Amino acid sequence: MIAVMLIAILAGAVSAYLGWLPEQLISINGSLTDWSLILLLFLIGFDIGNNKQSMKTLMSADRFTILVPVGTILGTLFGGYMAALITSLSVKDGLAIASGFGWYSFSAVLISQVRGSDLGAIAFLSNIFRETITLLTVPFIVRYFGPYAAVAPGGATTMDVTLPVIEKYAGKKAAIVGFVHGVILSTLAPVFVPLFL
């Protein structure tokens, strides 16, 4: 999936550079992006509402179901703050990029619209790296830090893309916490990203 997305971005960049896209499509590019983002948010909301097990789990949450998302949010924002300090980014930009919580398709589009394509590209790559690193490191994190520690790196992706890996290496209890963790962060990303832009 990651490879397909990277190919799509590369194809779009090459098509625009070579002038292959029709003028009518270029003129409605902004509207298409807006409506795609709205559709994406609708589908995420549908996915959350459609899975009644996640709602039951959230209602009967144990301490890890609450502590892990809170720890992830604090750690992610601290990481965005530290990244801004050691780069040329402003603190607000660093926090906005971090607030995507791994949801690259949302945060990159929104940040591109508000702060330009350069920062949007940074948001996309940083969040997709987060997902990729999670997929690669979950077995090691489980082994050395325990099953619940493996949930945090995935951010919002623990409700879908990285959930099977968490379930395989960290077990079903961690997978339930991971799913709720992903639901909470996916719900908060549309709130946190605009907050820092």
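How do the residues of the lining of the second largest pocket divide into nonpolar, polar and charged? The views below, taken from a predicted model, lead up to this pocket and then return to the question.

**View 1. The helices of the protein.** In this predicted model, the secondary structure comes to ten helices and zero strands, and reading along the sequence therefore gives the pattern α-α-α-α-α-α-α-α-α-α, with helices and strands taken as DSSP runs.

**View 2. Burial, contacts and surface of the protein.** Of the 197 residues of the protein, 38% count as buried, where buried means under 20% relative accessible area. Among the contacts with a separation of 6 or more, 69% are accounted for by residues that lie 24 or more positions apart. The protein exposes about 11100 Å², and carbon and sulfur atoms supply 72% of this area.

**View 3. The second largest pocket.** The space in the second largest pocket comes to about 320 Å³. The pocket is lined by 17 residues, of which T76, G79, G80, A98 and S126 are the closest to its centre. Two or more lining residues are given by each of the elements α5 (63-85), α6 (91-98) and α8 (117-145).

**View 4. The lining of the second largest pocket.** Helix α5 gives the most to this lining, with seven residues. As for the opening question, the lining residues of the second largest pocket divide into ten polar, six nonpolar and one charged, with glycine counted among the polar residues.

Key:
Residues numbered from 1 in each chain as written. Predicted model: local features only at pLDDT ≥ 70, side-chain atom pairs only at ≥ 80, totals over all residues. Heavy atoms only, no water. 1 Å grid on protein atoms, 1.4 Å probe; cavity = no way out; pocket = protein on both sides within 12 Å on 5 of 7 lines; lining within 4 Å. Points joined across faces, edges and corners; volume = space filled by probe spheres on them. Helix = DSSP H or I, 4+ residues; strand = E, 2+ residues; numbered from the N terminus. Buried < 20%, exposed > 50% of the residue type's maximum accessible area, 1.4 Å probe, protein only. Contact = heavy atoms within 4.5 Å. Areas by Shrake-Rupley, 256 points an atom, 1.4 Å probe, with all protein chains shown as cover.
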